[in-house]
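Let's take a walk through a protein together, starting with its overall layout and then moving inside. Keep the sequence and the 3D view open as you read.

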Amino acid sequence: MCTQIGNDRFAVFTTTKSKSRLNFLQLLHGGSARWVLNSASRAYMLERGLPVITTDLLHAGREPSGFEDAASWDAHLLAHGLEPKDGPLDPFRIAQ
């Protein structure tokens, strides 16, 4: 699949196996993802159905805060009681 990022002065086309939101963010960050806890991430999680109590736990004492790799982000989610599940309501998927 080809992802295009650009405007009237810049364009990049990249072929990847996915057109997911996470893939798009990885392309914007030069191939590495970065996870951030801030008011925008809280709003995103709530809009997608993650319970308020869960978003409060994830963000408590961490705003704004970033995680540079998937391992540290996954460890943060696991430490707060989230576990990967199959399906559209997977809290790991929503939190990403």
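The paragraphs below go from the whole chain to its core, then to single helices and a few side-chain pairs.

Before anything else, keep in mind that this is a predicted model. The protein chain contains 5 helices and 4 strands. If you trace the chain from its N terminus, you will meet these elements in the order β-β-α-β-α-α-β-α-α. The chain has 96 residues, and 26% of them count as buried. Its accessible surface is about 6300 Å², and carbon and sulfur atoms account for 56% of that area. What about contacts that reach across the sequence? Taking the contacts between residues at least 6 apart in sequence, 32% join residues at least 24 apart.

Now let's go inside. Which residues make up the largest nonpolar core? There are 11 of them: Trp35, Leu37, Met45, Leu50, Leu58, Phe67, Trp73, Leu77, Leu82, Ile94 and Ala95. Three elements each supply at least two residues of this core, namely β3 (35–37), α4 (70–79) and α5 (91–95). This fits a broader pattern: in soluble globular proteins, nonpolar side chains tend to be buried together.

Leucine 50 is a good core member to click on. Leaving aside residues up to four places away in sequence, leucine 50 touches Met45, Thr55, Leu58, Pro91 and Ile94. Among these neighbours, Met45, Leu58 and Ile94 are listed in the core as well.

One of the neighbours of leucine 50 is threonine 55, which sits in helix α3. Is threonine 55 buried or exposed? Threonine 55 has a relative accessible area of 0%, so it is buried. Apart from residues up to four places away in sequence, threonine 55 touches Arg42, Met45, Leu46 and Leu50.

Let's widen the view to the whole of helix α3. Its buried residues are Thr54, Thr55, Leu58 and His59. They span an arc of only 120° around the axis, and therefore lie on the same side of α3. What covers these buried residues? The cover includes β3, α2 and α4. Following α3 comes glycine 61, with a positive phi near 70°.

Helix α4 offers a similar exercise. Look for Trp73, His76 and Leu77, which are buried in α4. Viewed down the axis of α4, the buried residues fall within an arc of 95°, so they line one face of the helix. Turn to the face pointing away from that buried side, and you will find the exposed residues Ala71 and Ala79. Just after α4, glycine 81 has a positive phi of about 85°.

Helix α2 is worth a look at both of its ends. At the start of α2, a side-chain oxygen of asparagine 38 comes to within 3.0 Å of the backbone nitrogen of alanine 40. Just after α2, glycine 49 has a positive phi of about 95°.

Next, look at the charged side chains. How many salt bridges does the structure hold? It holds 2. In one of them, the side chains of aspartate 56 and arginine 42 meet, with 2.8 Å from N to O. This pair links distant parts of the chain, as aspartate 56 belongs to helix α3 (residues 52–59) and arginine 42 to helix α2 (residues 39–47), 14 residues apart. Both partners can be reached from outside to some degree: aspartate 56 is partly exposed at 38% relative accessible area, and arginine 42 is partly exposed at 22%. Since buried means under 20%, arginine 42 with its 22% is not counted as buried.

The other salt bridge joins glutamate 47 and arginine 48, whose closest N and O atoms are 3.2 Å apart. Here glutamate 47 counts as exposed, at 64% relative accessibility, whereas arginine 48 counts as partly exposed, at 38%.

For a last stop, find glutamate 68 in the loop between β4 (65–67) and α4. With a relative accessible area of 54%, glutamate 68 is exposed. Now find valine 36: these two residues are 32 residues apart in sequence, and their C-alpha atoms are 8.8 Å apart in space.

Key: Residues numbered from 1 in each chain as written. Predicted model: local features only at pLDDT ≥ 70, side-chain atom pairs only at ≥ 80, totals over all residues. Heavy atoms only, no water. Salt bridge = Lys/Arg side-chain N within 4 Å of Asp/Glu carboxyl O. Buried < 20%, exposed > 50% of the residue type's maximum accessible area, 1.4 Å probe, protein only. Core = buried A, V, L, I, M, F, W, Y, C linked by side-chain atoms within 4.5 Å. Contact = heavy atoms within 4.5 Å. Arc of directions from axis to C-beta. Areas by Shrake-Rupley, 256 points an atom, 1.4 Å probe, with all protein chains shown as cover. Polar contact = N/O pair within 3.5 Å; in protein donor to acceptor, adjacent residues only side chain to side chain.
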